[in-house]
Amino acid sequence: MNERARSMFGLDATRGERTPFLEVIRNTDLHEVFRESRAAGEGSVAHRELRLASPVERRVQVNAVPLRLGADEVGVVMVLHDVTELRRLEQVRTEFVANVSHELRTPLTAIQGYLETLLSGALEERQNARRFLEIVFRHTERLGRLLNDLTDLSNIELGRVALKLAPTRLDEVVDTVLAIMGPKATGGRVGLSSRLSPDLPSMLADRDRLVQVVLNLVDNAVKYTPEGGRVTVQARTAAEGQVEIDVTDTGIGIPPIDLPRITERFYRVDKARSRELGGTGLGLAIVKHLVFAHGGQLRIESEPGRGTTVHVTLPIA
Ligand SMILES: Nc1ncnc2c1ncn2[C@@H]1O[C@H](COP(=O)(O)OP(=O)(O)O)[C@@H](O)[C@H]1O
Ligand SMILES: [Mg+2]
């Protein structure tokens with residue numbers, strides 16, 4: 001056994017030498033491969049994927065080839081590949097495709113349903129017809145948003161988005177976001193304000209992408225804050241050439257159990273509520289990737305019933 005094999009089975013350097021296989025590695029599947037391979041004889045290759053339970057759960061691909069050691073002594077050479085990460089990524093991809101299909105199907109089903117109703121008579125009832133078409137229109141908007149976010153996210157993830165990094169003034173970015181979000185906040189009776197320290201240096205950022213980041217965070221803050229609440233954007237110089245931007249709300253908060261996964265694609269505390277509010281579940285995933293692409297950091301603090309603060313740290317110019 002080489003060192004990697006020993007560490008895969010959690011054995012120290014002295015274990016294994018001159019000791020029967022079965023005593024060293026207690027994995028029946030692996031023994032089966034060993035026996036099969038030896039019995040199959042020269043020229044055969046046994047191939048199998050197994051699960052190792054200890055010292056850590058792993059997925060391992062085994063290739064075994066019989067090896068003649070002497071006149072009537074046959075051994076087996078086994079090569080093991082750790083495919084744990086590969087299988088995990090495949091799982092992530094499968095789940096992602098399932099999620100995308102589900103997200104696309106929901107509005108599509110609604111659109112088809114209303115169009116069918118219209119075609120089978122409702123078109124003649126002026127009032128209903130108009131209402132149904134408005135619903136159909138809302139769902140097509142939703143589909144558009146979803147596809148936009150998906151395209152954006154995959155481009156960022158694939159590194160196809162070249163950031164136009166330049167000295168960027170955060171106050172201008174925040175003003176832009178507040179101007180866009182103002183009506184929505186007023187409509188929901190949520191107070192929206194900013195507090196930037198006056199000596200804030202320019203940041204090294206892609207201005208439009210920074211707007212996208214702050215806009216997504218403020219949009220969430222406003223969406224998940226009930227009437228009478230407050231949303232504040234703050235910024236100040238942090239340690240080592242960094243600026244910290246905090247978006248704080250007094251909203252519903254995120255339960256601790258959901259917090260670690262909240263930036264994953266499509267992860268939402270309350271799917272129905274997010275959809276109702278026009279969300280795609282991709283906002284925070286996009287924010288995270290954009291912040292990382294800038295060489296920054298993202299941290300989320302939240303307390304259910306009290307509110308949420310998202311901290312973004314970015315380098316100064
Ligand atoms: N400020 C916030 N307060 C409470 N929950 C939040 C906040 N921001 C995000 N969330 C939760 O995180 C989920 C993911 O956010 P996001 O990726 O922006 O998706 P979306 O806004 O489309 O639902 C939201 O559905 C919501 O459950
Ligand atoms: Mg969002």
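## Terms and model

Helices (H or I, at least four residues) and strands (E, at least two) are DSSP runs, numbered from the N terminus. These names are used throughout the report, which describes a predicted model.

## A nonpolar patch on the surface

Two strands, β2 (58-70) and β3 (73-82), each supply at least two residues of a nonpolar patch. The patch lies on the surface and is formed by V45, V65, L67, L69, V77 and V79, which together have about 490 Å² of accessible area. The strand that gives the most to this patch is β2, with 3 residues.

One member of the patch, V79, is found in strand β3. Residues count as partly exposed when their relative accessible area is between the limits of 20% and 50%. V79 has a relative accessible area of 41%, and it is therefore partly exposed.

## Helix α3 and its two faces

Helix α3 covers residues 28-40, 13 residues in total. From its first C-alpha to its last, α3 reaches 18 Å, which is close to the 18 Å expected at 1.5 Å a residue. The buried residues of this helix are L30, H31, V33, F34 and S37. They lie on the same side of α3, because they cover an arc of only 160° around the axis.

The buried residues of α3 pack against several elements: the helix α2 (21-24) and the strands β1 (46-52), β2 and β3. Two of these strands, β2 and β3, also contribute to the nonpolar patch described above. On the face of α3 turned away from the buried side are the exposed residues T28, R35, A39 and A40.

## Salt bridges around strand β1

The model has a count of 23 salt bridges. One of them joins E36 and R48, whose closest N and O atoms are 3.0 Å apart. E36 lies in helix α3 and R48 in strand β1, so this pair ties together parts that are 12 residues apart in sequence. Both partners count as partly exposed: E36 has a relative accessibility of 42%, and R48 has a relative accessibility of 24%.

Strand β1 is also tied to a helix by a second pair, R87 and E49, with the closest N and O atoms 2.7 Å apart. R87 belongs to helix α4 (residues 84-119) and E49 to strand β1, so the bridge links parts that are 38 residues apart in sequence. R87 is partly exposed at 24% relative accessibility, and E49 is partly exposed with a relative accessible area of 28%.

## A further salt bridge and a network

Another salt bridge is formed where the side chains of E244 and R236 meet, at 3.3 Å from N to O. What are the relative accessible areas of its two partners? E244 is buried, with a relative accessible area of 11%, whereas R236 is partly exposed, with a relative accessible area of 40%.

Salt bridges can also share partners, and in this way E49, R59, R87 and E90 are joined into one network. The pair R87 and E49, described in the previous section, forms a salt bridge.

## Helix α9 and the loop that follows

Helix α9 spans residues 283-293, and its buried residues are G283, L284, A285, I286, V287, L290 and V291. These buried residues pack against the helices α5 (126-157) and α7 (207-223), and against the strands β9 (297-303) and β10 (307-315). After α9 comes G295, which has a positive phi, near 75°.

In the loop between α9 and β9 lies G296. Is G296 buried or exposed? With a relative accessibility of 9%, G296 counts as buried. Leaving aside neighbours within four places in sequence, G296 is in contact with V291, T313 and L314. The C-alpha atoms of G296 and T313 are separated by 5.2 Å, although the two residues are 17 residues apart along the chain.

## I252 in a loop

I252 has its place in the loop between β8 (242-249) and α8 (271-276). At 32% relative accessibility, I252 counts as partly exposed.

Which residues does I252 touch, not counting residues up to four places away in sequence? They are Y224, P226, R273, E303, P304 and G305. In addition, the C-alpha atoms of I252 and K223 are separated by 9.7 Å, while the residues are 29 residues apart along the chain.

Conventions. Residues are numbered from 1 along each chain as its sequence is written. Chains are lettered from A and ligands numbered from 1 in the order in which they are written. This is a predicted model: local features need pLDDT of at least 70, side-chain atom pairs count only at pLDDT 80 or more; totals for chains, interfaces and linings use all residues. Side-chain values use heavy atoms; hydrogens and water are left out. Patches are made of residues with over 30% relative accessible area and no salt bridge: like charges are joined within 9 Å, nonpolar side chains (Val, Leu, Ile, Met, Phe, Trp, Tyr) within 5 Å. Accessible areas come from the Shrake-Rupley method with a 1.4 Å probe; for residues, only the protein chains shown count as cover. A salt bridge is a side-chain nitrogen of Lys or Arg within 4 Å of a carboxyl oxygen of Asp or Glu. Buried means under 20% relative accessible area, exposed over 50%, partly exposed in between (1.4 Å probe, protein chains only). The expected span of a helix is 1.5 Å times one less than its number of residues. The arc is that of the directions from the helix axis to the C-beta atoms. Contact means heavy atoms within 4.5 Å.
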